[in-house]
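Biologist: Could you take me through the side-chain pairings in this protein, one group after another? I would like a close look at the aromatic rings and the charged partners, and at how covered each of them is.

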Amino acid sequence: MGIFSRRQTATATAEQPSAAGPAPFAARSATAAATLDPALRALTGRWTIDRPHSRIGFSVRHAMVTTVRGAFTDYDSTLHFDGDRPCESRADLVIRVASVDTGVEQRDAHLVGKDFFDARRHPEMTFRSTSTAQESAGSFRMTGDLTIRDTTRPVELQLDYLGSVVDPFGYERAGFDGTTTIDRRDWGLVYNQRLEAGGSMVSEKVRLQFDISAIRAS
């Protein structure tokens, strides 16, 4: 998404404080820039997410003992990557919440109803980036505004660059893998049922997952 890490591999030079204390921000930024993956420089430009080969999904604990996974299948994206200045990279994503798919029709109907997304009144959720920071050669942190049910709150995405390739059909592709965890109550998604043994039927913590195959826009 301008764009989504489970790893943090900053160089020892960037992480080790000097005798005078932590390095100033400009010095740390310069060190990070020096470690930028050279392949990223060629990716500068506008991209879109290839939906058939990508997944914008989530996972949440159910009844304290298992995990339910789902994804949104209908969305629009605008991505801009700046290979020389990753801090200038940005992303916009508009998701139609009625496209949620957990593999169980009854559960999907509950999610788009008033207890959760209330898709009739709030048909879309959006993510718009506000800043991007490079953490290592191919790892980034993107901050942005996530809007659900007309409530907007900041979130941070950890992004790993997975590589780029020209596919057999001539499309230039770049891969990113990212994740973040949110508390759904912060966006007014407060529905739940309590279990007799204690705990909740549906966890308040939701893990968002982004498996992105982006195609360079013409």
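Modeller: Happy to, and what follows starts with the overall layout, then turns to the rings, the charges and one serine. Please keep in mind that this is a predicted model.

The protein has four helices and 11 strands. Of its 218 residues, 44% are buried. The exposed surface comes to about 11,800 Å², and carbon and sulfur atoms supply 52% of that area.

Let us begin with the rings. The structure holds six aromatic pairs. One of them joins Phe58 and Phe72, with 5.6 Å from centre to centre and 45° between the planes, a tilted arrangement. Phe58 belongs to strand β2 (residues 55-62) and Phe72 to strand β3 (residues 66-72), so this pair ties together parts that are 14 residues apart in sequence. Phe58 has a relative accessibility of 10%, so this residue counts as buried. Phe72, at 8%, is buried too. Another pair is made by Tyr161 and Phe176: the ring centres are 5.6 Å apart and the planes meet at 50°, so this pair is tilted as well. Here Tyr161 sits in strand β9 and Phe176 in strand β10 (residues 172-183), and the pair links distant parts of the chain, 15 residues apart. Both Tyr161 and Phe176 are buried. These two rings also belong to an aromatic cluster, which they form together with Phe81 and Phe140.

Now to the charges. The count of salt bridges comes to 15. Strand β9 comes up again here, through Glu156. Glu156 forms a salt bridge with Arg141, and their closest N and O atoms are 2.7 Å apart. Arg141 is in strand β8 (residues 139-148) and Glu156 in strand β9 (residues 151-166), so that pair links distant parts of the chain, 15 residues apart. Both partners are in the middle range of cover: Arg141 is partly exposed at 27% relative accessibility, and Glu156 is partly exposed at 42%.

The salt bridge between Arg121 and Asp118 spans 3.5 Å from N to O. Its two ends have opposite surroundings, since Arg121 is exposed at 62% relative accessibility, while Asp118 is buried at 6%. Arg85 and Asp82 also meet in a salt bridge, at 3.8 Å from N to O. In that pair Asp82 is buried, with a relative accessible area of 9%.

Some charged side chains join up in a wider group: Arg51, Asp74, Asp76, Arg96 and Glu124 are linked in a network of salt bridges. Arg51 has a ring partner as well, as this residue lies over the face of Tyr75, at 5.9 Å from the ring centre.

Last comes the serine. Ser213 is placed in strand β11 (residues 202-216). With 13% relative accessibility, Ser213 counts as buried, the cut-off being under 20%. Its side chain makes a polar contact of 3.0 Å with the side chain of Arg173. Leaving aside neighbours within four places in sequence, Ser213 is in contact with Thr48, Ile49, Asp50, His53, Ser54, Arg173 and Ala174. Arg173 is thus named both as a polar partner of Ser213 and among its contacts.

Notes. Residues numbered from 1 in each chain as written. Predicted model: local features only at pLDDT ≥ 70, side-chain atom pairs only at ≥ 80, totals over all residues. Heavy atoms only, no water. Salt bridge = Lys/Arg side-chain N within 4 Å of Asp/Glu carboxyl O. Buried < 20%, exposed > 50% of the residue type's maximum accessible area, 1.4 Å probe, protein only. Helix = DSSP H or I, 4+ residues; strand = E, 2+ residues; numbered from the N terminus. Polar contact = N/O pair within 3.5 Å; in protein donor to acceptor, adjacent residues only side chain to side chain. Contact = heavy atoms within 4.5 Å. Areas by Shrake-Rupley, 256 points an atom, 1.4 Å probe, with all protein chains shown as cover. Phe/Tyr/Trp six-rings, centres within 6.5 Å; stacked < 30°, edge-to-face > 60°. Lys NZ or Arg CZ within 6 Å of the ring centre and 35° of its normal.
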